[in-house]
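Okay, thanks for coming, everyone. Let me put the structure up and then we can walk through it together.

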Protein chains: 2
Amino acid sequence: MNSDELCQVYRCLCDVTRLRILNLLGEDALCVCHLQQVLGESQVKISKHLAYLKNHRLVESERRANWMIYRISGAPNPILEENLKCLQDLSSEDPVFMADLKRLRATDTSAACCPTSA
Amino acid sequence: MNSDELCQVYRCLCDVTRLRILNLLGEDALCVCHLQQVLGESQVKISKHLAYLKNHRLVESERRANWMIYRISGAPNPILEENLKCLQDLSSEDPVFMADLKRLRATDTSAACCPTSA
DNA sequence: CAATTATATTCCCTTGAAGGAATATTCCTT
DNA sequence: AAGGAATATTCCTTCAAGGGAATATAATTG
């Protein structure tokens with residue numbers, strides 16, 4: 001990791017929608033439609049932000065039939081990991097992150113698109 | 001700290017010049033002219049980035065005669081602190097940060113503009 | 001193969017921010 | 001008060017990126 005790559009990581013983190021996505025993916029791998037549901041944002045918006053995160057190697061994806069499952073990248077990244085921890089801490093205080101997690105837990109993850117249902 | 005403020009912090013961190021500035025200020029408070037010297041960047045550029053950091057409360061400044069001394073903000077900010085630590089770790093590997101620190105140490109800090117000479 | 005579902009991409013518009021040149025401001029010295 | 005040094009601001013141009021509407025692609029189902 002060099003200074004430019006470090007900047008790239010922060011660029012990924014400096015959008016609230018991406019932070020919300022990462023916060024959710026910190027809990028579990030998720031398909032696009034679930035992210036869309038939980039975040040209440042448009043399909044394009046979610047899809048573009050996921051592409052952005054993927055291009056910068058913060059998340060990775062795997063196709064499962066019709067669905068794309070996204071998860072936090074497995075490649076070790078100390079900066080990302082440290083900041084995901086911070087995110088987790090904040091998510092017990094911040095109303096936006098809290099509400100997202102609440103909706104996530106209320107979401108039926110037994111559907112065909114869910115990673116654990118494979 | 002809420003999700004928007006968190007984004008703001010990351011926005012501050014996603015420019016390499018600002019990271020270089022923060023890396024230097026992590027060592028010691030510095031005046032603009034020293035930052036300019038060490039970073040080898042234009043006066044406008046440094047000044048604008050400092051203004052940006054100050055507007056977002058990551059640094060604070062104090063006038064000393066002709067000079068403005070900038071330092072990392074004293075207000076507690078866990079996210080900033082955590083990432084300054086990361087920056088410090090990286091600065092022993094990354095060529096840009098390393099070179100900056102080396103030039104900083106080679107800089108005469110006994111001049112009138114330096115905080116410790118007060 | 002046609003229709004449907006899930007997701008990605010393209011086109012377009014708008015905005016924030018980076019950087020340089022020129023200028024303004026602030027403070028010091030004489 | 002005038003000049004000089006340090007720093008800040010304004011004006012301008014360029015560019016990345018956010019978001020929506022429409023369209024394209026990929027896989028599934030009938």
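**Contacts to the DNA, then the protein**

Let's begin with a side chain: an N or O atom of B:Gln43 sits 2.8 Å from a base nitrogen of DNA strand D. I'm calling that a polar contact, which is a pair of N or O atoms within 3.5 Å; within protein, one must be able to donate a hydrogen and the other to accept it, and residues adjacent in sequence count only if both atoms are side-chain atoms.

Quick housekeeping before I go on. This is a predicted model, where local features need pLDDT of at least 70, side-chain atom pairs count only at pLDDT 80 or more, and totals for chains, interfaces and linings use all residues. Residues are numbered from 1 along each chain as its sequence is written, chains are lettered from A and ligands numbered from 1 in the order in which they are written, and side-chain values use heavy atoms, with hydrogens and water left out.

Back to strand D. A polar side-chain atom of A:Asn66 is 3.4 Å from a base nitrogen of that strand, and B:Tyr70 has a side-chain N or O atom 2.4 Å from one of its phosphate oxygens. Which elements give two or more residues to the surface near DNA strand D? They are H4 of chain A, plus H3, H4 and E3 of chain B. Those labels are DSSP runs, helices (H or I, at least four residues) and strands (E, at least two), numbered from the N terminus. H4(A) has the largest share, with five residues.

In total 23 residues surround DNA strand D, and the closest are A:Arg18, A:Lys48, A:His49, B:Gln43 and B:Tyr70. "Near" here requires a heavy atom of the residue within 4 Å of the strand. Of the strand D atoms within 4 Å of the protein, 62% are sugar or phosphate and the rest belong to bases. By class, that surface has ten nonpolar, six polar and seven charged residues. For the record, Ala, Val, Leu, Ile, Met, Phe, Trp, Tyr, Cys and Pro count as nonpolar, Asp, Glu, Lys and Arg as charged, and the others, Gly among them, as polar.

Now the other strand. DNA strand C has 22 residues around it, with A:Gln43, A:Tyr70, B:Arg18, B:Lys48 and B:His49 coming nearest. Here 60% of the strand's atoms within 4 Å of the protein belong to sugar or phosphate, and the rest to bases. On the phosphate side, the side chain of A:Ser47 has an N or O atom 2.8 Å from a phosphate oxygen of strand C, while for B:Tyr52 a polar side-chain atom is 3.5 Å from one. On the base side, a side-chain N or O atom of B:Asn66 lies 3.1 Å from a base oxygen. H4(B) gives the most to this surface, five residues.

How do the two protein chains meet? The contact takes 22 residues from chain B and 22 residues from chain A, where contact means heavy atoms within 4.5 Å. The chains bury about 1900 Å² between them, 69% of it on carbon and sulfur atoms. That area is the accessible area (1.4 Å probe) that two parts lose on being put together, summed over both.

Next, a buried arginine. A:Arg20 is in helix H2 (residues 16–25) of chain A, and at 10% relative accessibility it counts as buried. My cut-offs are under 20% relative accessible area for buried, over 50% for exposed, and partly exposed in between (1.4 Å probe, protein chains only). Leaving aside neighbours within four places in sequence, A:Arg20 is in contact with A:Leu39, A:Glu41, A:Val96, A:Phe97, A:Asp100 and A:Arg103. The helix as a whole is mostly covered, with nine of its ten residues buried. At its start, a side-chain oxygen of A:Asp15 comes within 2.8 Å of the backbone nitrogen of A:Thr17.

Last, some backbone angles. Most residues other than glycine have a negative phi. A:Arg57, though, has a positive one, near 65 degrees; this residue lies in the loop between H4 and strand E2 (59–64) of chain A, and at 66% relative accessibility it counts as exposed. B:Ala65 is positive too, at about 55 degrees, in the loop between strand E2 (59–64) and E3 of chain B. B:Ala65 counts as exposed as well, at 58% relative accessibility.
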